[in-house]
Amino acid sequence: MATFLYKLGRLAFRRRHFVALIWVALLTLAGVGAASAPAAGTTSFSIPGVEAQKAFDLLEQRFPGASADGGTGRIVFKAPEGEKMTDAANKATVEKTVDALGDGSEVVSVTDPFTTGAVSKDGTVAYTSVKYDAPGMELKDSTRDALEKAGDEARATGLTVDVGGDALQAGAEPGAIGEVIGLAIAAVVLVITLGSLVAAGLPLLTAIIGVGIGVSTITALAKALDLGDTTSTLALMIGLAVGIDYALFIVSRYRSELAEGRDREEAVGRATGTAGSAVVFAGLTVVIALAGLAVVNVPMLTKMGLAAAGTVVVAVLIALTMIPALLGYAGKRVRATGEKRRSTGDRTGEKTGEKTGEKTGEKTGEKTGEKTGDRTGEKGRQGKQAKPGLGVRWASFVIRRPAAVLLLGVVGLGAIAVPATQLELGLPDDGSQPTSTTQRRAYDLLSEGFGPGFNGPLMIVVDAKDSDDPKAAATTVTDGIKDLKDVATVTPAMFNKAGDTATITVIPGSKPSSTQTEDLVHSIRDQGTDVRADTGAQVLVTGTTAMNIDFSQKLNDALIPYLGLVVGLAFLLLIVVFRSILVPLKAALGFLLSVLAALGAVVAVFQWGWLGGLIGVEETGPIMSMMPIFMVGVVFGLAMDYEVFLVTRMREAYVHGESPSQAIVTGFRHSAKVVAAAAIIMMAVFGGFISSTESMIKMIGFGLAIAVFFDAFIVRMAIVPAVLALLGKKAWWLPKWLDRALPNVDVEGEGLKTQADAASSRDGDEDRELVRA
């Protein structure tokens with residue numbers, strides 16, 4: 001692996017014009033494809049195999065043209081103080097609004113609140129419902145605009161009017177200002193870490209190009225593959241983070257190789273061969289984690305994972321090819337590690353080399369100049385490095401107190417993870433929107449006028465095709481539901497034309513996201529089992545609330561298999577990389593600790609409201625259903641990034657003859673600063689999405705940012721070296737039979753060292769021949 005990447009890096013360095021042209025052409029092609037592609041809405045939401053989805057599918061068959069999964073919109077009216085909605089003027093306003101809404105191209109039906117009884121008991125609140133023939137997330141912008149315009153016109157008459165329903169759902173909009181701030185922080189960290197604007201600009205440039213290719217490709221294929229805006233947002237988030245980090249690791253290793261006295265092409269080759277190998281395997285773990293989301297069998301989640309995985313692949317390829325090419329363009333503007341300006345020794349060496357080259361031949365002059373300059377420059381660098389850096393001092397401290405550091409790290413993260421035991425899952429609805437939005441105000445008005453459960457009605461589908469008496473079966477279901485707890489209203493059964501299928505609407509007594517409503521759904525389903533046995537009719541519960549409950553359950557059921565698949569594959573991959581059993585095991589356990597702590601922090605902020613005001617959390621509630629499995633996938637991939645980059649440098653030192661303790665210090669000397677910088681960059685990129693007005697994006701941004709902090713700075717920087725110090729040589733133990741069976745991927749660059757020794761031997765023979773001559 002290292003030898004192949006070494007050759008690839010040198011080839012990209014020499015053929016930099018060709019490599020740059022390829023990537024620019026790909027970016028242009030993707031951009032043109034995105035610009036010319038037809039517009040696409042957010043991907044449709046379906047969950048194969050769950051009861052709520054089966055009921056939706058059945059309604060499509062038995063009630064053709066009813067658009068069972070079509071979007072709904074509600075305009076909620078509230079009369080001024082001292083008035084009622086039944087007053088003549090207010091009633092005229094509502095009827096005018098109903099007429100205006102009926103003219104829409106995607107509208108199936110509009111209800112009149114005065115004929116359907118959609119007026120509160122005290123007469124102060126009324127609402128009209130609009131049914132559309134397309135899902136709420138796929139409606140045209142003109143349809144949404146017409147709904148909002150109707151509300152504005154009614155509001156102008158003096159009524160309190162707000163608009164709700166899933167018809168107003170639009171694509172997730174990340175916080176643009178937050179993204180800019182995140183990139184600005186990343187740029188500052190890169191300048192501090194790499195020492196120059198040019199070196200810092202390379203990771204930013206390549207990350208932007210990679211994300212541009214990935215997101216543009218997603219946009220171009222959105223219509224054909226039914227990809228939504230959330231898919232692009234995730235690809236942008238992950239692509240920026242890993243793109244910057246992967247490039248940073250290679251550029252940093254390149255500067256270290258320059259500090260060892262190697263010429264620029266050789267330094268590029270070695271950086272690509274060593275750090276590039278780590279990039280490949282780190283990227284593979286991220287791809288495995290993201291692509292593994294397909295096992296959940298939720299199309300939306302599968303597409304999000306595969307699209308983000310594709311962006312990660314692009315980031316890896318750019319880091320391995322375009323970074324070496326750009327380093328060739330940068331030339332001497334990217335300096336060696338620790339070199340603030342060109343030393344006297346370097347200048348003297350170059351001048352001596354040039355003069356010697358003129359007198360005794362170009363080849364001898366280059367070697368003499370390089371060696372003289374390198375030795376003199378190296379002395380200067382050694383003088384500067386006499387004082388150990390922060391990473392070395394921290395590693396030395398951990399080695400002296402490994403048990404205390406390990407105990408403190410585990411107990412600290414364990415305490416932060418405690419809130420995760422109270423995790424409540426659900427999907428965001430209008431009740432989780434900020435109070436400044438019209439959707440949230442409409443939600444609150446409906447709760448005020450008709451009760452909290454009115455915002456989450458349950459639709460009961462009675463499939464009586466195999467029943468001898470369908471009407472009697474529907475009556476049995478209706479009567480049974482009325483006797484259950486937390487039921488506010490049950491409407492009479494409505495049959496289709498064939499008379500074999502009925503729908504019943506149930507209004508719970510509690511809000512949609514409450515545990516009482518979830519218990520009611522399960523109670524109706526349990527009762528349906530008895531109904532089927534007695535009447536032959538099948539009872540199915542559906543509706544948005546039931547769909548959310550089923551989705552949460554499906555994700556919970558898939559979490560353990562998904563965790564086993566992802567961690568298992570990555571464990572095998574890390575055994576190949578580290579040639580150890582205990583190091584990959586420690587990496588997996590450390591990840592579980594960090595992701596549990598991150599989930600605990602998410603629960604504390606978004607469910608309990610702790611410090612929520614600092615990041616703009618206006619409404620607490622259940623954690624988004626996909627958050628645990630999503631964090632497991634993304635955080636695992638990112639956590640393995642730091643594991644690979646930090647520990648491969650330790651193994652490299654150990655393989656080259658250092659003791660286990662010395663190898664830990666060496667790994668920190670070369671990698672700690674870069675890993676810390678990479679973590680801060682990822683936190684800045686993810687943190688930028690916290691400013692989003694979309695609660696799902698805000699939660700994902702916070703969860704990933706805090707997870708990176710826990711994993712990079714507590715698990716990888718403290719717990720990992722403590723465990724390695726306690727294990728000593730046992731950490732690198734591998735059964736002999738397994739060692740023989742595993743392929744040798746040579747992440748440490750041992751093959752490069754062998755090549756270098758051979759080349760050095762040849763150079764020495766040539767030098768002796770020149771001396772004799």
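**Exercise 1. In which helix is the place of Ile-185, and is Ile-185 buried, partly exposed or exposed?**

Solution. The model is a predicted one, and the first step is to find the residue in its secondary structure: Ile-185 has its place in helix H7, a helix that covers residues 176-194. The second step is to take its relative accessible area, which is 39%. Since a residue counts as buried under 20% and as exposed over 50%, with partly exposed in between, Ile-185 is partly exposed. The third step is to look at its surroundings on the surface, where Ile-185 joins Ile-177, Ile-181 and Ile-680 in a nonpolar patch with about 360 Å² of accessible area together. Helix H7 supplies the largest share of this patch, namely 3 residues.

**Exercise 2. Describe how helix H20 and helix H23 pack, and state what kinds of residues make up their contact.**

Solution. Two packed helices are described by the angle between their axes and the distance between the axes, so these two values come at the start. For H20 (residues 582-607) and H23 (residues 695-727) the angle is about 145°, and the axes are 8 Å apart. The next step is the hand of the crossing, which is right-handed for H20 and H23. The residues of the contact of H20 with H23 are then sorted by kind, giving 22 nonpolar, 3 polar and 4 charged.

**Exercise 3. Locate Asp-486 and Leu-611, and state what is notable about phi in Asp-486 and in Leu-611.**

Solution. The starting point is a general one: most residues other than glycine have a negative phi. Asp-486, a residue other than glycine, nevertheless has a positive phi near 65°, and Leu-611, likewise not a glycine, has a positive phi of about 60°. The second step is to place them: Asp-486 is found in the loop between helix H17 (470-482) and strand E7 (487-490), while Leu-611 sits in the loop between H20 and strand E11 (623-624). The last step concerns accessibility, where Asp-486, with a relative value of 25%, counts as partly exposed, whereas Leu-611, with 65%, counts as exposed.

**Exercise 4. How far apart are Ser-142 and Ser-105 in sequence and in space?**

Solution. Ser-142 belongs to helix H6, which runs over residues 141-155. Along the sequence, Ser-142 and Ser-105 are 37 residues apart, and from C-alpha to C-alpha they are 9.3 Å apart in space. To complete the description of Ser-142, its relative accessible area of 46% is compared with the cut-off of 50% for exposed residues, and Ser-142 is therefore partly exposed.

Notes
Residues are numbered from 1 along each chain as its sequence is written. This is a predicted model: local features need pLDDT of at least 70, side-chain atom pairs count only at pLDDT 80 or more; totals for chains, interfaces and linings use all residues. Side-chain values use heavy atoms; hydrogens and water are left out. Patches are made of residues with over 30% relative accessible area and no salt bridge: like charges are joined within 9 Å, nonpolar side chains (Val, Leu, Ile, Met, Phe, Trp, Tyr) within 5 Å. Accessible areas come from the Shrake-Rupley method with a 1.4 Å probe; for residues, only the protein chains shown count as cover. A salt bridge is a side-chain nitrogen of Lys or Arg within 4 Å of a carboxyl oxygen of Asp or Glu. Helices (H or I, at least four residues) and strands (E, at least two) are DSSP runs, numbered from the N terminus. Buried means under 20% relative accessible area, exposed over 50%, partly exposed in between (1.4 Å probe, protein chains only). Axes are lines fitted to C-alpha atoms, for helices over the stretch in contact, and angles run from 0 to 180 degrees between N-to-C directions. A crossing is left-handed if the near helix is turned anticlockwise from the far one by less than a right angle, and right-handed if clockwise. Ala, Val, Leu, Ile, Met, Phe, Trp, Tyr, Cys and Pro count as nonpolar, Asp, Glu, Lys and Arg as charged, and the others, Gly among them, as polar.
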